[in-house]
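Visitor: I should like to learn how to read the features of a protein model. Could you guide me through one?

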Amino acid sequence: MAPAYACGCGAMVPGPAARIAVSQEQSVLRWDGRQEQIVMRLTVDGDAEQAAWIMPVPHRATVRLGDPALFDQLAEAVAPVHRTRYHFWPRNGDWPFDDRHLVGDAAPPPAAAAPGVGVVGRQQLGPFDVARLTATDPAALQDWLRAHGFPLPARLKTALRPYVDRHWEYVAVRLAPGTRGTPLRGALDPLHLTFAADRPVYPMRLSRLAATPQSLGLYVLAAHRMQTRSAIGGNQPDVLFAGRVGTRQGALGKLAAGTPYLTALTQTFPEPARISGDHELRRAATDTPVQPVVYEDELRRVAGIPAWALTVGGALAALAAAVALIVVRRARRPAVPPPPVSPPAPLG
């Protein structure tokens, strides 16, 4: 397990001499044409009792706790449909071979900031101490983190430079378990960020610091089906699901109001160092739905009897009847007498 200097769209920094790993990250991006919302839930493991999570955002963000039920509803919304597919001839698993076969076709008062850092706001959200920051260079962020006991790795400071040059802001979150002395483990409470955005973007640049292959699972809610503009150094993204949200209830129904089209994307990054930027999303050419399907193969039966057995049995019975009929007809056919034999003419 290595320090989690990268985790999807942010960077996780453990405390001194501690280690933490992000084993799963689930993110939902909602964009209505003017405003973007990102709801993220991290599942972590390690021996760190405290850690900091840093995320760049293009505009000033508000932060609140998200609803964990959102991810349960999303998992249900994109779950594969089950369909039965019939075949005529028996396969492995069918009688007389046995067994059935299945195939398949994501607030305390502001503390003193290090010089060069602007603390826009500070709030306590459950186990999270959330600070919204501005900075004129990466070193300012390093100073702020050091003042709060979280040294910033030098490589991360370099990776933050493009965001500083574009005048992005930052959400810094200090994580701590509910019980003192307990390591950070398991699924953390979701965080819900909201900020202005004239186009949807999912920050990915910091993931290039990861030492092991990375994977991305992203739900996108918008008015239409969405796609990434490029692969940004990873494998081509796959669409696991695309379609309209079928519920108006609960956390998903509330978040999808006005942005009813859900696109679920997945992507792998075998070489994180090749990540070239952030994911920008755009409308796909069509709103063609995509639905995962799990097929259950069944042997076709008639009245509980395999159709192939009835067909083969019927064919054999018909053949036997035809042979019997030929035999009977030949047995009843009258014998034809031989032609008469005339004696030879006398000699001489």
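**Reading a predicted model**

Guide: Let us begin with a single residue: His167 lies in the loop between α3 (154-165) and β10 (169-175). Please keep in mind throughout that this is a predicted model.

Visitor: Is His167 buried or exposed?

Guide: Exposure is judged by relative accessible area, and a value over 50% counts as exposed. His167 has a relative accessible area of 68%, so this residue is exposed. Its backbone also deserves attention, for phi of His167 is near 65°, a positive value in a residue other than glycine.

Visitor: Which loop holds Ile232, and what is its phi?

Guide: Ile232 sits in the loop between β15 (226-228) and β16 (238-244). Its phi is near 45°, again a positive value in a residue other than glycine. Buried means under 20% relative accessible area; Ile232 has 6% and is therefore buried.

Visitor: How should I read the pairing of strands?

Guide: Strands of a sheet pair through backbone hydrogen bonds, either parallel or antiparallel. In this model, strand β3 (residues 35-46) pairs with strand β12 (residues 191-196) in the antiparallel sense over 6 bridges. Within that pairing, Glu36 stands opposite Phe195 in β12. Strand β3 also pairs with strand β11 (residues 186-187), in the antiparallel sense and over 2 bridges. There, Val44 stands opposite Gly186 in β11.

Visitor: Why is β3 described as largely enclosed by the rest of the structure?

Guide: The reason lies in its burial: 10 of the 12 residues of β3 are buried, so the strand is largely enclosed.

Visitor: In what order do the strands of the open sheet of 3 strands lie?

Guide: The order is β13-β18-β15, with antiparallel pairing. The edge strands are β13 (201-202) and β15, each of which pairs on one side only. Strand β15 is joined by 3 bridges to strand β18 (residues 279-283), and Thr228 stands opposite Leu281 in β18.

Visitor: At what angle do helices α2 and α3 pack?

Guide: Packing is described by an angle and by the separation of the axes. Helix α2 (residues 138-147) and α3 pack at an angle of about 125°, with their axes 8 Å apart. That angle makes α2 oblique to α3. The residues of this contact divide into 5 nonpolar, 1 polar and 2 charged. On the α2 side they are Pro138, Ala139, Leu141 and Gln142, which meet Lys157, Leu160, Arg161 and Val164 in α3.

Visitor: Which residues touch the most other members of the largest nonpolar core?

Guide: A nonpolar core is a set of buried residues joined through their side chains. The largest has 36 residues, of which Leu29, Phe128, Val171, Val173, Leu191 and Tyr202 touch the most other members. Not counting residues up to four places away in sequence, Val171 touches residues including Trp53, Ile54, Met55 and Leu193. A second, separate core of 21 residues includes Ala135, Leu141, Leu160 and Tyr170. Leu141 and Leu160 have appeared already, in the contact of α2 with α3.

Visitor: Finally, where is Ala256, and with which residues is it in contact?

Guide: Ala256 belongs to helix α4 (residues 250-256). At 7% relative accessibility, Ala256 counts as buried. Leaving aside neighbours within four places in sequence, Ala256 is in contact with Leu221 and Val245. One may also consider a pair separated in sequence: Ala256 and Val220 are 36 residues apart along the chain, and their C-alpha atoms are separated by 9.9 Å.

How values were computed
Residues are numbered from 1 along each chain as its sequence is written. This is a predicted model: local features need pLDDT of at least 70, side-chain atom pairs count only at pLDDT 80 or more; totals for chains, interfaces and linings use all residues. Side-chain values use heavy atoms; hydrogens and water are left out. Buried means under 20% relative accessible area, exposed over 50%, partly exposed in between (1.4 Å probe, protein chains only). Helices (H or I, at least four residues) and strands (E, at least two) are DSSP runs, numbered from the N terminus. Two strands pair if DSSP finds at least two bridges between them. Axes are lines fitted to C-alpha atoms, for helices over the stretch in contact, and angles run from 0 to 180 degrees between N-to-C directions. Angles under 35 degrees count as roughly parallel, over 145 as roughly antiparallel, 65 to 115 as roughly perpendicular and the rest as oblique. Contact means heavy atoms within 4.5 Å. Ala, Val, Leu, Ile, Met, Phe, Trp, Tyr, Cys and Pro count as nonpolar, Asp, Glu, Lys and Arg as charged, and the others, Gly among them, as polar. A nonpolar core is a set of buried Ala, Val, Leu, Ile, Met, Phe, Trp, Tyr and Cys residues joined through side-chain atoms within 4.5 Å.
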